[in-house]
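Got your viewer open? Let's take a walk through this one together, one selection at a time.

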Amino acid sequence: MEVVICDDDREVGHVAAAQIAQVVDDRGPSVVLGVATGSSPMSTYAALAELVDAGRLDLSHAQAFALDEYVGLPKGHPQSYHSFIQRHVVEPLHLNPHRVHVPDGTASDLERACIDYELAMAAAGGVDVQILGVGSNGHIGFNEPTSSLSSRTRLKTLTRRTREDNQRFFPTLDAVPTHCLTQGLGTILDARSVVLVASGEHKADAVAAIVEGPVTARRPGSVLQFHRFATIVVDEAAASKLELADYYRQVSSAKPLVPTSTS
Ligand code: GLP
């Protein structure tokens, strides 16, 4: 696991985008991206959009798979992850919408939709680089505490804390969906590389737990300690509870940022 501590969220976005652009360079135009929703990756998408607009990155042939989706929200609902990915990823990064996949939270057979999603990911050859945020309780995707560390895409019940965290996007708590479809922790671990971004003091506990705590389903993001090519990019506030922060700074200043370095 490599931990990169940045001055602020803007720098988090630039460091994460540089790492993703490197993967695109290595894999070629048909790269497969794993894309996340939430506030955390917004600076990364903004930095990627700058690269695209400057003609330094071409994602027009890329495929993308979203991590998760609410169950029961119509795809066109402004808070569906389908809409989020369209607004914040497909349009600014000029992806081909036909090559972008989001779990179908409106399917009549949700179990089948999860199996189909896993099959589509496999048919695409797997994810080359997975972008992740982290929930305040340590979840990644929507893998809530006690998720199986080897889980695959499936239906999950959201915790009250996650629904409260996401209430800011809905008029009331009751309007926040109670269920979701999410890639499993095993699915996420299958990505060839992972870049997790986090900013702000409210993420400091979760970041410390997943980076330096024990690997435990109680803090699902801690499973990334098993990933050989996982990079955690955080701002100073999100890094504020990391005991080994000085060591991570020393590592970053001594060598280039490549996902293979300190794993
Ligand atoms: C949701 C998403 C996660 C995201 C998390 C944190 O639960 N399913 O993928 O990481 O929110 O969101 P934010 O970045 O807005 O704090």
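## Starting at a helix

Select Arg27 to begin: you'll find this residue in helix H1, which covers residues 9-27. Keep in mind as you click around that you're looking at a predicted model.

Is Arg27 buried, partly exposed or exposed? Color by accessibility if your viewer can do that. Arg27 has a relative accessible area of 45%, and because the partly exposed class runs from 20% up to 50%, Arg27 counts as partly exposed.

Now add Asp128 to your selection and draw a distance between the two C-alpha atoms. Arg27 and Asp128 are 101 residues apart along the chain, yet their C-alpha atoms are separated by 7.7 Å.

## Into the ligand site

Next, click on the ligand. Where does the ligand sit? Its home is the largest pocket.

Show the residues around the ligand, and you should have 14 of them. The ones that come nearest are Ser39, Ser40, Asp68, His139 and Lys203. Try coloring this shell by class: three residues are nonpolar, eight are polar and three are charged.

Here are some atom pairs to zoom in on:

- Ser40: a polar atom of its side chain is 2.4 Å from a ligand oxygen.
- Val134: here it's the backbone, with an N or O atom 3.4 Å from an oxygen atom of the ligand.
- Gly141: a polar backbone atom lies 3.2 Å from a nitrogen atom of the ligand.

Switch on a surface to see how wrapped up the ligand is. On its own, the ligand has 390 Å² of accessible area, and the protein covers 94% of that.

## Two loops with an unusual angle

Here's some background for the next two stops. Most residues other than glycine have a negative phi.

Select His94, in the loop between helix H3 (81-93) and strand E5 (100-101). His94 isn't a glycine, but its phi is positive, at about 55 degrees. With 48% relative accessibility, His94 is partly exposed.

Then jump to Thr146, which lies in the loop between strand E6 (129-132) and strand E7 (154-157). What is the phi of Thr146 near? The value is near 80 degrees, so again you have a positive phi in a residue other than glycine. Thr146 is exposed, and its relative accessible area is 63%.

## Three more arginines

Select Arg56 in the loop between helix H2 (42-53) and strand E3 (63-66). This arginine is exposed, at 66% relative accessible area. For a long line across the screen, connect the C-alpha atoms of Arg56 and Ala245: they're 32 Å apart in space, and the two residues are 189 apart in sequence.

Arg218 is your next click, in the loop between helix H7 (204-212) and strand E10 (230-235). Is Arg218 buried or exposed? Its relative accessibility is 53%, and since anything over 50% counts as exposed, Arg218 is exposed. Add Gly138 as a partner: Arg218 and Gly138 are 80 residues apart in sequence, with 8.0 Å between their C-alpha atoms.

Finish with Arg161, which has its place in helix H5 (residues 160-165). At 43% relative accessibility, Arg161 is partly exposed. Draw one last line to Glu144, 17 residues away along the chain, and you should read 10.0 Å from C-alpha to C-alpha.

Definitions and conventions: Residues are numbered from 1 along each chain as its sequence is written. This is a predicted model: local features need pLDDT of at least 70, side-chain atom pairs count only at pLDDT 80 or more; totals for chains, interfaces and linings use all residues. Side-chain values use heavy atoms; hydrogens and water are left out. A residue is near a molecule or strand if one of its heavy atoms lies within 4 Å of it. A polar contact is a pair of N or O atoms within 3.5 Å; within protein, one must be able to donate a hydrogen and the other to accept it, and residues adjacent in sequence count only if both atoms are side-chain atoms. Accessible areas come from the Shrake-Rupley method with a 1.4 Å probe; for residues, only the protein chains shown count as cover. On a 1 Å grid over the protein atoms alone, a cavity is a set of points where a 1.4 Å probe fits but cannot get out, and a pocket is an open set with protein on both sides within 12 Å along at least five of seven lines; lining residues have an atom within 4 Å of a point. A molecule sits in a cavity or pocket if more than half of its atoms lie within 2 Å of its grid points. Ala, Val, Leu, Ile, Met, Phe, Trp, Tyr, Cys and Pro count as nonpolar, Asp, Glu, Lys and Arg as charged, and the others, Gly among them, as polar. Helices (H or I, at least four residues) and strands (E, at least two) are DSSP runs, numbered from the N terminus. Buried means under 20% relative accessible area, exposed over 50%, partly exposed in between (1.4 Å probe, protein chains only).
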